[in-house]
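Visitor: I would like a close look at a single part of this protein, taken slowly, followed by a walk outward from that part to the rest of the chain. Please explain the words you use as you go.

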Amino acid sequence: MNNTTMTVTSLNTKIKSLLETTFMHILVEGEVSSVTYHNSGHVYFSIKDKESSIKCVMFRSNANRMKFRLERGQHVVVNGSISVYTPRGEYQLLTVSVEPFGQGALALAYEQLKEKLQSKGYFDPARKKEQPKYIKKIALVTASNSAGLQDMLKIIDKRWRLLEVVVIDTLVQGDKSAPQIAEALEYADTLGCDAIVVGRGGGSKEDLWAFNEEIVADAIYNLNTFVVSAVGHEVDVLISDFVADLRAPTPSASIEMILPDQNEILYTLSEMEERYARVMKQIVGNKEQNLKAFTQEFARHSVSRKIAMVEKDFNSLEDEFKRVMDYKLSQYETQIEPLPKRLKEGFDYALEVKTQTVSSLEQKIRLYDPKLKVKEGWAEVVLDGERVDLSKIEKEDSFVLVNLNTKLEVKCLEKKEL
């Protein structure tokens, strides 16, 4: 039996040496029971099974390479080694990397970010911008030496050459690519383009991962310009596809989706030209018929035509009048010759009749002239200052009798009717 006494420090040192040399590059499976993301960038967490738990630490350099975020309840596999903190005699699992159990880290990170952004409304169809009908200027955010860019330029040249193209070179793969893509998108948004296409050609999940980063999603979400995500092949669906206003299965397909085909436009214009010519010909024909009808109608109702018709009628009436007058005059000529004699005879007869009438009237005047009557023994009867007939005098009336030389004031004593 070894009775040699050891100090605490020496014991912990021996344990440290034994554990750290024995348990190197081990894989430990367990459930995350607690997790803390420190301001320093380090991650402190614990994993457990049904009977025990162990503390773990992941320093910032390794934590920055984590594609997903540790959360309580996750079933994970931790890759690391045992480390002993001698002053306290505590050991922990010094973590190099963590993988979800039965699921890749990238797949979990993808689902975590997708769920997060969806809850923030990044995928809401109501916020997506309407695709411009005609694009005059476009920005292509991709690697300038990529096959995807060449494919897009070929399609542009084939489909729609009336376009200003701005190529914004950026890394599209690797750890530093996501910030560069976000920066390139922000710059493209200031160029006054009608549309932005961001993307790259095909590759592995790791090659395309930059388009699954939150910084790229944020940049796309904050753009004021219509943006198309064109990453990888048709089977590749990335976070950028959900956030963008339009998702294209490939870079070349994105150009076909947003640019018109100049051949189709030319065919449409030709068809419209023919239709326009037919319509215009029909319109002109109808207008010519209407003009002809209006001209005929105007001729029938024109002032000159009416004047000509009135003049014709007037001439006809004038001729008719002359014929009637000639006929009447020829008839009246036979009647005019005896008229002077007949007129003289009639005048003499009328004069004789009038002379006799005047003589008769003179006799009557002399017969009824009051002055003549007074001279011959008649008198005027005046009652109350007015000349009246004798029949107007009543019994007991006082009246006056007046002739040329005498005025008598008398009173009726008795009245008898003759």
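Guide: A strand, in the sense used here, is a run of at least two residues that DSSP marks E, and strands, like helices, are numbered from the N terminus. With that word in hand, and bearing in mind that this is a predicted model, we can begin at Ser 83, which has its place in strand β4, a strand made of residues 75–85. Ser 83 has a relative accessible area of 19%, and because buried means under 20%, this residue counts as buried. If we set aside the neighbours within four places in sequence, Ser 83 is in contact with Glu 20, Glu 90, Tyr 91, Gln 92 and Leu 94. It helps to read that list beside the extent of strand β5, which runs over residues 90–100.

One of those partners, Gln 92, leads us on to another strand, since Gln 92 is also among the residues that Lys 55 touches. Lys 55 lies in strand β3, which covers residues 53–58, and beyond four places in sequence its contacts are Phe 45, Ser 46, Gln 92 and Leu 93. Lys 55 is exposed, because its relative accessible area of 51% is over the 50% that the word requires. Between the C-alpha atoms of Lys 55 and Val 32 there are 10.0 Å in space, while 23 residues separate the two along the chain.

Now follow the chain to the loop between β5 and α3, where Phe 101 lies. Phe 101 is partly exposed at 43% relative accessible area, and, leaving out residues up to four places away, it touches Glu 29, His 75, Val 76 and Val 77. Look again at strand β4, which begins at residue 75, when you find those last three on the screen. His 25 sits in another loop, the one between α1 (8–22) and β1 (26–37), and is exposed, with a relative accessible area of 68%. The backbone of His 25 has a positive phi of about 50 degrees, although this residue is not a glycine.

From these strands and loops we can turn to the largest pocket, which holds about 1000 Å³ of space. It is lined by 36 residues, and those closest to its centre are Met 66, Lys 67, Phe 68, Ala 109 and Glu 213. Helix α3, at residues 105–119, gives the largest share of the lining, 7 residues, and α3 is joined by α2 (60–63), β5 and α5 (177–188) as elements that each supply at least two. Sorted by class, the lining has 17 nonpolar, 8 polar and 11 charged residues.

Farther along the sequence, Glu 264 is found in helix α9, which spans residues 262–301. Glu 264 is exposed at 53% relative accessibility, and its C-alpha atom lies 9.1 Å from that of Arg 159, although the two residues are 105 places apart along the chain.

Later still comes Glu 396, in the loop between β12 (386–387) and β13. Its phi is near 80 degrees, again a positive value in a residue other than glycine, and with 45% relative accessible area Glu 396 counts as partly exposed. Thr 406 belongs to the loop between β13 (398–402) and β14 (407–411) and is partly exposed at 37%. The C-alpha atoms of Thr 406 and Ala 379 are 8.9 Å apart in space, with their places 27 residues apart in sequence.

To see how far the chain extends, return to Phe 101, whose C-alpha atom is 168 Å from that of Glu 414, a residue 313 places away along the chain. The C-alpha trace of the protein spans about 215 × 75 × 35 Å along its principal axes. In terms of secondary structure, there are 12 helices and 14 strands. The radius of gyration is 67 Å, well over the 22 Å that the globule rule gives for 418 residues, so the protein is more spread out than a compact globule. Buried residues, such as the Ser 83 with which we began, make up 29% of the 418 residues. Among contacts between residues at least 6 apart in sequence, 60% join residues at least 24 apart. The accessible surface comes to about 29100 Å², and 54% of it belongs to carbon and sulfur atoms.

Note on methods
Residues numbered from 1 in each chain as written. Predicted model: local features only at pLDDT ≥ 70, side-chain atom pairs only at ≥ 80, totals over all residues. Heavy atoms only, no water. 1 Å grid on protein atoms, 1.4 Å probe; cavity = no way out; pocket = protein on both sides within 12 Å on 5 of 7 lines; lining within 4 Å. Points joined across faces, edges and corners; volume = space filled by probe spheres on them. Helix = DSSP H or I, 4+ residues; strand = E, 2+ residues; numbered from the N terminus. Nonpolar A, V, L, I, M, F, W, Y, C, P; charged D, E, K, R; others polar. Rg over C-alpha atoms; globule rule 2.2 N^0.38 Å. Buried < 20%, exposed > 50% of the residue type's maximum accessible area, 1.4 Å probe, protein only. Contact = heavy atoms within 4.5 Å. Areas by Shrake-Rupley, 256 points an atom, 1.4 Å probe, with all protein chains shown as cover.
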